Amino acid sequence: MTFIGNKSDLRVVGTRPVRPDGVDKVTGRAVYGADATMPGQIIGKVLRSPHPHAKIISIDTSKAEKLPGVKGVITSADIPNIPSEEAFVGEGPMNFRDLSLNCMARDKVLYEGHVVAAVAAINDAVADAALKLIDVKYEILPHVIDVEEAMAPGAPILHDNLFTAGVTPKPTTASNVAKQVRFTIGDVEAGFAQADVIVEQTYTTAPVHQAYIEPHACVAAIAADGQVLITASSQGHFMIRAYTAKLLGIEIANIRVTNAEIGGGFGGKTVVYLEPLAVALSKKSGRPVKMTMTREDVFRGTGPTSGGTIWVKVGATKDGKITAAQTVIKLQAGAFPGSPINPALMCAFAMYDLANVDTLGYDVVSNRPKVAAYRAPGAPISSFAAESAIDDLARKLGMDPIDLRLKNAAKQGSKTVYGVTHGVIGYEEVLNAAKAHPHWTAPLGKNQGRGVATGFWFNIGGESTGGVFINEDGTASVVTGSPDIGGSRASMAMMAAEVLGIPYEKVRAVIPDTASIGFTHVTGGSRVTYATGMAVTQAAQAVVEDLKKRAAMIWDISPEAVEWKDGEAVPAGANAGGFDPLPLAAIALKAAKTGGPIGSEISVNAQGAGPGFGAHICDIEVDPETGHSTILRYTAVQDVGRAIHPSYVEGQIQGGAVQGIGWALNEEYIYNKKGHMDNAGFLDYRIPVASDLPMIEAVLVEVPNTRHPFGVRGVGEVPIVPPMAAVRNAIRGAIDLEMFHLPMSPPRIRAAVDAAKAPKAAE
Amino acid sequence: MSKIHVETTINGEAMEFLANPGESLLDALRNTLNLTGTKEGCGSGDCGACTVIIDGRMTCSCLVLAVEAGGHEITTIEGIAQGDTLHPIQRKFLENAALQCGFCTPGFIVATKALLDKNPDPTETEIRFWLAGNLCRCTGYDKIVRAVQDAAAEMRGG
C-alpha cells in the first residue's frame, strides 16, 4: 500500500461536500429502525422485571395466550439454553450465554428492567393488555447497586458460578468481582521514592447512558423454511446476524440483516436486545414482528457505561518529571461481567512517557443493567481521575499544566503500561497547538476558571469489506458493510473519488445487507474511516489498475505503458504512443468488449490503526450561590491523522466533547433504596441542550498515520476522554474547590462550597 | 372502543383519518398516515424529535391527541421542502454538516422553521433557547446553530 502523500495533491479529500444520504435525512425520507415495516407485521413487546434481584419461581402465560389478538408469548423456555462461550463480535469481549440471559432472564432476574417474557399481538393495545396478564412469581432476593458494596464481604451474590478470574490460587467461593487485572511496568515504589511531590486521591464517576435519541427498534420474520429477515437499527448488521444466529441456534446463511438508518449509538448499539426475541416471536406467531423500545426501556434495559471508583497516585521531581503513576480502579459491569476495565487501566496514563506505572482493576457485577460500550469505553473514567491528579500535581509544582504534560509527553518509542510501544503519534503537536491557541491565554473574570485535560484512545482497525464498481456511464458505486452513523458514506465516496480521479458527485456510496457484501465488523472503535476506508481505497486502486489494462487493450499497447491521471488513462510517455487520453467514462462504455464489468471488492483485516490524542481547554463560570456551572468557552484540539471530510471530523470532536460535558456536570443513573432507577427519562436524566453550551471550537492537528493510504486516524472516541477532567479543573480554577465526584451537579457544588465554608473539624 | 373520524390539514392538503381516542398525533402521523419523518425519541415531550407546527405553533406531536388535530393546520418535516426544492433551512443543515445520525434533524428543522417564521433575525442566544427542547446527542449543537444562523441570513437576504 503506497501512502497517498501530499495534502496539496488531493482534490477531494479534505473538502466538505454534502453527504450522499443528506437529502433523505433533512426531508424525513430516511428509514430508521422504527420506520421499517414488513407486510403483515404484528407488534412485539416485552415484560420487564420490577425487582432488581429475584428468583423466578414460575411464569404463567396462559391467560395472555388466550387474549384475542395475541399471536404468541415467549419466555426463556422458547430460547435455547446455550453454554458459556466467549466471543468477540461487538465492541468488546462478550459471553454468548450472558448475552442470551440478558435478552431473556432464565432462572433469576438481575436488575429492574430485566426481560422475563415477550408477547406478539395484533396491535399495541392488545400487546400491552397481554403483558398485564402474564403472571410471574418471584422470590425477592437482597440486591446490591453500589460497586464498593458489591465487593464487600457478605454482599448479595448475583451469580453462584462467578469466581474472580486473575487471582491465584483460584477462589473457591463465588464473588461479584468477575475479574482482577493488572498492567505494570517498572517499579512504582522506587519511582515514588524519587519523587519530591506526590498527589494521591480517590475519585468516583456515575454510570451514564449513551442516550442516542433513537430508541432500539427492529422488524423480523422467520419463514417456514427457516430463513430469517431482519431490518434493524444498529452499529453492525453483521453483529446482529452473528448474535441472533448464536442465541437462537440458526445457521448464519439463513439470516439476512438489512441495516436501517441508525439514530445514534455511541457504542450502545453494538449488542442485541430485541432481535433474537423478535425472531422467536415470529417463529411462534408465524408473522413478521416489529419491536420498538420506549425511552424508559432504553434507560432501564440497555447498557449504560460503568460508574467507578478510581484511586490515583502520581509523583514527580521538583522540575516536573513524573517518576511514578499508580491507579486502582473498580468498575461496575452491571448484571454480567464485562466492564471496560482493561482499556480504563491502559488509557489512564497512555499520554505520558513513564518508566514506572502500576494499574490494578476490578470488574464488578451488581444489580444494574449490563453495561455496553460507550465511546472510548473505560478511558473517560480513568482519565477523569488521572488528568485531575496531573492538574493537582501541576499546581503543587507551580507549573503550567500544559508544560507539565509536554515535559512528560509520550512520543514515538514511548512504551505503554500495556506493552505496546507508541509509533508515530501527535500528542506533543496537540499540546503545542493547545498552548499556542489564543484561548489558553485569554483573560478570565470573577468566579471564572480555566481547565485543561488530555486524553488517549487506541482506535482500532479490523475486518471490513468495501467495493467499488464502475457503472456503464462512468459513474461509480461504492458499497461497504459499515453502517453509517455520522457521515461515513461521504468519506467512503470521497476516498474512492480521489483514487479514481473523478468528481465526488459521480460516486454514490451505499450500505447493502449482510448477504450482499463481505463481513464487516461493527461501526465502533473509531474504525470505519480507517479500516473500511482502507478496503474502499484498495478496491478503487484495483479498479484503476484494471482501467489501465482496459486502456492498454483498446490502444493495443502494454499495460505498463499506461498511466492514470485525473480520471483518464494516458500514455506513460512518448514511447507509449500518441493516443488521446481515455476518460473513465469512455473505458466504461467499452467494458463488455474489454473483459466485462469493471469493479473490485476488497476485504481487509486492517492493522496499525494510529492512536489518537486530544487536549481540551474549558472555561467555566460557577455561581457559588446556586452551584450552577456555565461553560463559557471550549476548545478541543485533536490529532486526526488526516481529515477526509473535515466538517464531520469537527462534528465528532464537538459531539464527543459535549457528551463529556454532560457526563461531567449532569448525567447519572439515580437509584432509590429499592434498587429502582428513579430517573429513566430525558426530563430527569438531563443531557446537554443547546442553551447549556457555547460554540465548541474543534482544532484539527494532522499527524498522518503512516499505516493508512490517506493518513487517517480514528477520531470519534478521543473527544469524550478529556472533558470531565477539563471541566473539573476549570471549576477548581473558578472557585478554588477540588471536586472528586461526577457529576459535578449544582447540589454537589453547593455542598462543596458549604463544606469549604464550614469550620474544619479536628483531624 | 370505536375510532374517531378526524379531518385536518397536513402540509397544505386536506386529510382525514380514524384515530383511537387515546392515540397521539405522533402515532397517527407515523402509523396511520405513513408520515414517518416525524420521529419518536421519548414520547414524553422531552426530546423534540416529534416536533410539528400546528397553526403556526411549534408543538411536540407526542403530547397532542390525534383527535385534537381536527380542524387545524399541521406542518411536518415532509411539508418543509417545495417539491424537489429544499427549503433554505434544509440546505443549510446539509452545507453546514449540521447532522450526524440525522434522527433529531426533522425535529430541529421544523423547530427552526417555526423560529424563523416568527423571528427572522434571532441572536445566537435566542436560537439556543428556542431549540433547547430539541435534543441532539451527536453534534454538540455547534453546527446546528451555525446552520440556523446561515439559513436566517439567506432568508432575510432573499
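1. What percentage of the 763 residues in chain A do buried residues make up? In this predicted model, the buried residues of chain A come to 60% of its 763 residues.

2. On overall dimensions, the C-alpha trace of chain A extends over about 95 × 75 × 55 Å when taken along its principal axes. The radius of gyration of chain A is 27 Å, which is close to the 27 Å that the globule rule gives for 763 residues, so chain A is as compact as a globular protein of that length.

3. As to secondary structure and contacts, chain A contains 19 helices and 28 strands. Among the contacts in chain A with a separation of 6 or more, 80% are accounted for by residues that stand 24 or more positions apart.

4. One helix pair deserves a separate point. Two packed helices are described by the angle between their axes and the distance between the axes. Helix H7 of chain A, covering residues 237-248, packs with helix H8 of chain A, covering residues 275-285, at an angle of about 55°, and their axes are 9 Å apart. Because of that angle, H7(A) is oblique to H8(A), and the crossing of H7(A) and H8(A) is right-handed.

5. Turning to the residues involved, H7(A) brings Ile240(A), Thr244(A), Leu247(A) and Leu248(A) to the contact, while H8(A) brings Glu275(A), Pro276(A), Val279(A) and Ala280(A). Sorted by character, the residues of the contact of H7(A) with H8(A) comprise six nonpolar, one polar and one charged.

Technical notes. Residues numbered from 1 in each chain as written. Chains lettered and ligands numbered in written order. Predicted model: local features only at pLDDT ≥ 70, side-chain atom pairs only at ≥ 80, totals over all residues. Axes fitted to C-alpha atoms, helices over the stretch in contact; angles between N-to-C directions. Helix = DSSP H or I, 4+ residues; strand = E, 2+ residues; numbered from the N terminus. Parallel < 35°, antiparallel > 145°, perpendicular 65-115°, else oblique. Left-handed = near helix turned anticlockwise from the far one by under 90°. Contact = placed C-beta atoms within 7 Å. Nonpolar A, V, L, I, M, F, W, Y, C, P; charged D, E, K, R; others polar. Rg over C-alpha atoms; globule rule 2.2 N^0.38 Å. Buried ≥ 20, exposed ≤ 12 C-beta atoms within 10 Å, placed from the backbone.
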